Amino acid sequence: MNRSPKASGPSRRPSPPPAEEAASLMAEAKAFAAIWHRDRMVVSAPSRDQAVELCLKLISYVPRYRQILLCGEVPKEAKYLKGTKIIDAGEYLSHQAAFQISLAEEELGAAPIQIIYFGAGAVPYQDVLGPLDRGWMIVDQASSKASVEKAISAVQEEIRFPPGTVFLLDPLPQDLTIERNILSETRLCSPGVREYTIQMKETEARLAFQAILAEMESGKTVTQSYLAETLKVREKTYHKILEIGFRERRLDLTPYIKETAPQVIEFLKAISMWNEASLAAIFIRKNLIGYAKYKDIDFPSLNFLTLGDRVEALSQTEGDPGHPWILELTAREMTILLLKHRLLYGFLLSPGADAGLFRSKLEGLIEELAKEEMGDGPSRVYRGRN
Amino acid sequence: MQERGGRPLINLSAYMAEIKDREGGFVLSSDGQLLASDNSIPGQDFDWVEEFLDLTRTMTSILEEANVSGLESSLLQGPKRKLVIRRNSRLGFFVIIIGRETMDGGLAGLTAKNICLELESALGSAK
């Protein structure tokens, strides 16, 4: 059956913004990233109303699963926001103790908090916010970098964000691609759609982190490729999940996950140039150490392992094909190619692809990869929090 | 695999004789039952054939789960042995040819295709 060509229509992504708009988008991406990463910040504008307006803009970047705590001189515009809790002015030291307990409980899985303190004059910084290393924002008027640095802490980044300025007291994350892409792709959409997209990505990251943790607690060896396939996330999202998880749970899972080796990444990149493959997977024993999906296709990499096991079962009999071996399966819609050469390589080739030519091109790459020493496990095994 | 009168539907051994360095030939039904085998090679132990049949069944079920039309052909080759599988798309049976590493995979594939065609025609006229 012939497939009709894809219907041509308007692109899903809007065209790139002009330079001025791009600069404003970048400023917004920085503010979004700072909130998502729970950086400490001072938000300031010429007037109190403008400072509150800016604060309300920034609140839309706070993930919904976080508990927003409003303190100080809470303006009426903020009092009725959904999901917020107003902390009455009172004993500042009891605030500090409560906040510290909340931050400690985050490590055990409680909802992370976002503190918003209105009015710098109302904030006994040294007593209340000073000891907290993340997750708070002071909303003030007419602050300058010098005044923030004098009264609070060194400013790492100053973001001009109309109608005011955001002074970041923590460094920004290095890669802002995800934040920038979300804002760029939704720049022509209504605020509701933009907020939905932001919240969806933030919730996805949180759920993914919990899933990774559960996978490790179940005693499984976890590799980056395995996570990329099972959680259906690309590399940048994968790193974001771990960074945000670390900022919210103080749990660095990086040492417990086997990263994709640079030489495997190069191998997968080389395959992508040839156009024949729809999917590639590389295993050491049962562990997926390399995975790339070049076309939109649904085929679990576990199938390669199942087939590999069947061929390996033959090796225990008189029917042993010997090592290294190649298995090629041809169907009308696809060709499956499986090679065992120290590592197990699985490929899904597009219909009509020349499997013989593909195999001959692979030979050199596989020889190169076979020379490398690659472990299949992470540097450390996760055994729960100490 | 015989007609009612007892005459075989296909002379598998005659086809297999064309292939140098062959070790065995089999016909497997779509549900994995062994329908015919070429056991004309003396001194060969075919206990391991069951593993080949398992491999074929696994290939079929994986392709079914991937929602594709089904296996057409397959080739397994290592330094010791080669395995050629051809599936009849209309009736669903498999022709499997096993040989040493020196067996010509192309010729074996062609023979498997011819067996498929003759058997399809024989089964069609036997109905």
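In this predicted model, A:Arg250 adopts a positive phi of about 55 degrees at the position just after helix H9 of chain A. The helix that precedes A:Arg250, H9(A), comprises residues 235-249. Its 15 residues reach 21 Å from the first C-alpha to the last, close to the 21 Å expected at 1.5 Å a residue. Several residues of H9(A) are buried, among them A:Tyr238, A:Leu242, A:Glu243, A:Glu248 and A:Arg249.

The packing of H9(A) against another helix can be described next. Two packed helices are described by the angle between their axes and the distance between the axes. For H9(A) and helix H7 (residues 191-217) of chain A, the angle is about 80 degrees and the axes lie 9 Å apart. Because angles of 65 to 115 degrees count as roughly perpendicular, H7(A) is roughly perpendicular to H9(A). H7(A) contributes A:Ala205, A:Ala208 and A:Phe209 to the contact, while H9(A) contributes A:Lys240, A:Ile241, A:Ile244 and A:Gly245. By class, the residues of this contact comprise five nonpolar, one polar and one charged. The contributors from H9(A), namely A:Lys240, A:Ile241, A:Ile244 and A:Gly245, are also among its buried residues.

Chain A also contains an open sheet of seven strands, ordered S3-S2-S4-S5-S1-S7-S6, with mixed pairing. Strands S3 (84-86) and S6 (157-161) of chain A each have a single partner strand and stand at the edges, so one side of each is left without a neighbour in the sheet. From one strand to the next, the twist averages 20 degrees. At the S3(A) edge, strand S2 (residues 67-72) of chain A runs parallel to S3(A) and is joined to it by three bridges; here A:Leu69 stands opposite A:Lys85.

Two helices pack on this sheet. Helix H1 (residues 19-36) of chain A touches strands S1, S6 and S7 of chain A, and its direction makes about 125 degrees with that of S6(A). Helix H2 (residues 48-59) of chain A touches S1, S2, S4, S5, S6 and S7 of chain A, and its direction makes about 135 degrees with that of S1(A).

Turning to the two chains together, 26 residues of chain B are in contact with 26 residues of chain A. On the chain B side, helix H2 (49-65) and strand S3 (71-77) are the elements that give two or more residues, and H2(B) gives the most, with eight. This side has twelve nonpolar, seven polar and seven charged residues. Strand pairing also links the chains: six bridges join strand S12 (residues 325-331) of chain A to S3(B), and the two strands run antiparallel. Within this pairing, A:Leu329 stands opposite B:Ser74.

Note on methods: Residues are numbered from 1 along each chain as its sequence is written. Chains are lettered from A and ligands numbered from 1 in the order in which they are written. This is a predicted model: local features need pLDDT of at least 70, side-chain atom pairs count only at pLDDT 80 or more; totals for chains, interfaces and linings use all residues. Two residues are in contact if their C-beta atoms, placed from the backbone, lie within 7 Å. Helices (H or I, at least four residues) and strands (E, at least two) are DSSP runs, numbered from the N terminus. Ala, Val, Leu, Ile, Met, Phe, Trp, Tyr, Cys and Pro count as nonpolar, Asp, Glu, Lys and Arg as charged, and the others, Gly among them, as polar. Two strands pair if DSSP finds at least two bridges between them. Axes are lines fitted to C-alpha atoms, for helices over the stretch in contact, and angles run from 0 to 180 degrees between N-to-C directions. Angles under 35 degrees count as roughly parallel, over 145 as roughly antiparallel, 65 to 115 as roughly perpendicular and the rest as oblique. The expected span of a helix is 1.5 Å times one less than its number of residues. A residue is buried if 20 or more other C-beta atoms lie within 10 Å of its own, exposed if 12 or fewer, and partly exposed in between; C-beta atoms are placed from the backbone.
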